[in-house]
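Colleague: Please take a close look at the surroundings of the ligand, and then continue into the helix packing and the core.

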Amino acid sequence: MNVRLLDVQHLTVALDNGKALLNDISFYLKHNQCLGIVGESGSGKSLTCKAIMGLLEPHFKASGKILFNDIREQSNHNVTQDLLSLTDKTIRQIRGKQIAMILQHPMNAFDPLYRIGTQVIETLQAHQSINKQLATEHTLVMMDEMGLDHPKTLFNKYPHQLSGGMLQRIMIGIALMLKPALIIADEPTTALDSITQFHILSAFEKIKQQSSTALIFISHDLGVIHHIADHIVVMQHGKIVEQGNKNAIFNSPQCAYTRYLIETRQQILDKFNTTLNFTSRHEKS
Ligand SMILES: Nc1ncnc2c1ncn2[C@@H]1O[C@H](COP(=O)(O)OP(=O)(O)OP(=O)(O)O)[C@@H](O)[C@H]1O
C-alpha cells in the first residue's frame with residue numbers, strides 16, 4: 001500500500017524563549033512500514049514522538065504539519081488530519097485507538113493499585129464496545145500469544161508483582177488488541193536485560209508479520225534498529241541528518257555522523273567477539 005499513513009512536514013518545535021529543539025523535521029511512513037529513529041541522547045527522538053501523539057507540554061510551540069491518514073476510516077469518511085491542528089479532545093480520541101504508544105518504563109503505564117487484568121479490560125472497554133467476559137477472554141489469549149506463562153494467574157496480579165519484561169509484553173499486547181494504525185515504541189527495550197530484549201524484539205517482529213499496524217521504533221541502539229526497521233531516520237541535535245532504507249543506510253551511509261554510529265557499533269561488536277573468543281580459549285586450556 002503506497003499511501004502515506006504519516007507525513008511529517010517541516011516540523012519545528014521550540015521553547016517559548018524561541019530556542020528550537022526540533023528543527024525542520026520531515027519524514028513519512030507508509031502503511032505496514034517500520035521506521036526506526038536513531039540518534040544520541042538529546043537528539044530529539046522523544047520530542048518528535050510527543051509531537052505526533054499530541055503530548056507536547058504547553059510551553060512548547062510547534063509548527064509545520066503532521067498529516068495522519070487512517071485508510072480504514074476512509075470507508076466511512078475521508079480523513080487526512082493534521083495532528084498539530086486538532087483539539088485536545090480529538091487527539092485524545094486518536095491516541096490509543098488509532099495511534100498507540102509503548103514507553104521505555106512499562107511500570108509507569110500501569111496503576112499500582114489495580115490488578116493487571118482489571119486494567120487491561122478497562123483500557124479495552126474505553127476504546128471498544130466489548131463486554132467484560134469477552135474482554136477477559138481476549139486478555140487471556142493476548143497474554144498467551146505474548147509468550148507469558150500462566151495467564152490466569154498473571155491476570156490477578158498487581159503490577160509490582162511482574163517483571164519489567166512481563167509488563168512490557170502486556171503493554172505491547174494491549175496496543176495490539178486496540179488494533180491501531182500506528183504503534184510508536186520509544187526505547188521499549190532499553191530498560192531490559194538482553195534475554196528479555198530478545199523476547200520483546202520477537203514480539204515486535206510478530207506485529208510486523210501478523211498485523212497491518214505500522215511501527216515507529218525509537219532507539220539509540222543501532223543494533224536494535226537494524227533488527228527491526230525497514231527505513232531509518234538518523235537524528236542529531238534536533239535535526240534529521242540522514243534517512244533512507246535500511247540497506248542504503250548501513251551499506252553506504254552518506255553522513256559522517258551515521259558512519260560514526262555504524263563504526264562505533266562495529267567496534268563494540270568486535271570487542272565483544274574478541275573477549276568471547278579469548279574467554280572460551282582460556283576456559284578450554
Ligand atoms: N520538557 C522539556 N523542556 C525543555 N527541554 C526539553 C524538554 N524535553 C526535552 N527537552 C530538550 O529537547 C531536546 C530533545 O530531547 P529528547 O527527549 O527528544 O531527546 P532524545 O533523543 O529522545 O533523548 P533520549 O535518548 O535521552 O531520550 C533535548 O535537548 C532536551 O534537553
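**From the ligand shell to the core**

Modeller: In this predicted model, the shell around the ligand is made up of three nonpolar, seven polar and two charged residues. Its members are L15, L21, G39, S41, G42, S43, G44, K45, S46, L47, E57 and H220. Among the elements of secondary structure, helix α1, residues 45-53, makes the greatest contribution to this shell, namely three residues.

Helix packing may be examined next, with α3 as the example. This helix runs over residues 116-127, and at 1.5 Å a residue its 12 residues should span 16 Å; the C-alpha atoms at its ends lie 17 Å apart, which agrees with that expectation. Within α3, the buried positions are I116, G117, V120, I121 and L124. Because these residues cover an arc of only 125 degrees around the axis, they lie on the same side of α3. The partners against which the buried residues of α3 pack are α4 (132-145), α5 (151-155) and α6 (164-177).

Helix α6 appears again in the largest nonpolar core. This core holds 64 residues, of which L182, I184, I216 and F217 touch the most other members. Its largest share, eight residues, is supplied by α6. Such a grouping may be set beside a general tendency: in soluble globular proteins, nonpolar side chains tend to be buried together. The contacts of L182 give a local view; with neighbours within four places in sequence left aside, L182 is in contact with L5, L6, Q98, I99, T213, A214 and I216. Of these partners, I216 is itself one of the core residues that touch the most other members.

Notes. Residues numbered from 1 in each chain as written. Predicted model: local features only at pLDDT ≥ 70, side-chain atom pairs only at ≥ 80, totals over all residues. Helix = DSSP H or I, 4+ residues; strand = E, 2+ residues; numbered from the N terminus. Expected span 1.5 Å × (residues − 1). Buried ≥ 20, exposed ≤ 12 C-beta atoms within 10 Å, placed from the backbone. Arc of directions from axis to C-beta. Contact = placed C-beta atoms within 7 Å. Near = placed C-beta within 6 Å. Nonpolar A, V, L, I, M, F, W, Y, C, P; charged D, E, K, R; others polar. Core = buried A, V, L, I, M, F, W, Y, C linked by C-beta atoms within 7 Å.
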